[in-house]
Amino acid sequence: MPVAFTPIASLFGGALIGLSASALLALNGRIAGISGILGGLVNGDALDRGWRAAFLGGLLGGGVLVTLLFPAALQSSASSLPVGITVAAGLLVGLGTQLGGGCTSGHGVCGISRLSKRSLVATMTFMVVGALATFLVQHVVLRGAT
Amino acid sequence: VRRNVVAALAGLVFAFGLALSGMTNPGKVIAFLDVTGAWDPSLAFVMGGAIAVHFLIPGPLSVSTSSIWLLSRGSTRSRTRPFAGVNFIALPSRFDSTCTMRS
């Protein structure tokens with residue numbers, strides 16, 4: 001399903017994400033990697049859980065606020081998949097981000113901003129593999145199903 | 001407490017950024033990755049904006065601050081090396097309970 005190209009909104013949205021990551025690094029000395037923050041909440045040090053919970057609370061609270069104030073912003077134009085597939089995809093994301101040490105935020109935004117070669121390689125890898133997986137699902141599996 | 005307030009506000013701003021950029025719509029993420037379909041390069045603008053701001057703020061110190069932070073933590077616990085990566089340095093674990101940046 002085609003979606004509108006939104007360069008200006010996306011650029012400003014990205015700038016907000018960068019601002020959030022900068023604040024967390026400058027004031028707390030922490031990397032704003034969502035997968036790592038969530039991972040540390042599940043199996044990290046108990047002393048370290050407070051700020052992780054606070055960050056994720058703010059993230060989810062922001063989602064609730066956006067839903068209340070601008071419901072149109074959270075509409076999805078993706079074709080809905082069975083719950084089982086979505087759960088399996090989420091598990092794969094968790095496995096991959098723990099194995100790769102980061103996600104789009106930790107490697108893609110924070111890592112590349114720090115000029116980390118490791119993050120650059122990770123980002124290129126998951127973008128390419130993501131594009132391959134998308135091709136398979138969108139043009140082979142879903143086309144075959146309809 | 002102050003640290004948790006900073007973290008919560010950072011999370012809030014992050015959420016607004018995701019929503020404004022359109023990344024809360026799975027269709028837009030799929031459209032970015034679907035290079036052979038109706039390609040939507042918006043996500044590249046999100047990353048561009050985020051990286052530009054995070055690279056520049058808080059000023060030219062951004063990169064050196066984080067380098068110092070990483071180096072100062074290097075003697076504690078290190079995360080495991082990537083399984084394919086003898087050429088990568090082992091980064092400090094995210095799971096350390098103390099932050100030495102401001103000590």
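Residues are called buried when their relative accessible area is under 20%, exposed when it is over 50%, and partly exposed in between (1.4 Å probe, protein chains only). Helices here are DSSP runs (H or I, at least four residues), numbered from the N terminus. The model is predicted, so local features need pLDDT of at least 70 and side-chain atom pairs count only at pLDDT 80 or more, while totals for chains, interfaces and linings use all residues. Residues are numbered from 1 along each chain as its sequence is written, chains are lettered from A, and side-chain values use heavy atoms, leaving out hydrogens and water.

A good place to start is H5(A), which is mostly covered, with eight of its 10 residues buried. Among them are His107(A), Val109(A) and Cys110(A). Just after H5(A), Leu115(A) adopts a positive phi of about 60°.

H5(A) (104-113) is also one of the elements giving two or more residues to the largest nonpolar core, a core being a set of buried Ala, Val, Leu, Ile, Met, Phe, Trp, Tyr and Cys residues joined through side-chain atoms within 4.5 Å. This core has 28 residues, of which Leu24(A), Phe55(A), Leu59(A) and Phe14(B) touch the most other members. Helices of both chains contribute, including H1 (7-28) of chain A and H1 (2-21) of chain B; the largest share, five residues, comes from H3(A). Beyond its neighbours within four places in sequence, Leu24(A) is in contact with residues including Trp51(A), Phe55(A), Ala7(B) and Ala10(B), contact meaning heavy atoms within 4.5 Å.

Between the chains, 65 residues of chain B are in contact with 78 residues of chain A. Together they bury about 6,100 Å², 70% of it on carbon and sulfur atoms; this is the accessible area (1.4 Å probe) lost on being put together, summed over both parts. No salt bridges are counted between chain B and chain A, a salt bridge being a side-chain nitrogen of Lys or Arg within 4 Å of a carboxyl oxygen of Asp or Glu.

Over all chains, the structure holds three salt bridges. Asp48(A) pairs with Arg30(A), the closest N and O atoms being 3.2 Å apart. Asp48(A) lies in the loop between H2 and H3 of chain A and Arg30(A) in the loop between H1 and H2, so the pair ties together parts 18 residues apart in sequence. Asp48(A) also meets Arg52(A) in a salt bridge (2.8 Å, N to O), and Arg30(A), Asp48(A) and Arg52(A) are thereby linked in a network. In chain B, Lys28(B) forms a salt bridge with Asp40(B) at 2.8 Å between the closest N and O atoms; both residues are buried.

Technical notes
Buried area = accessible area lost by both parts, 1.4 Å probe.
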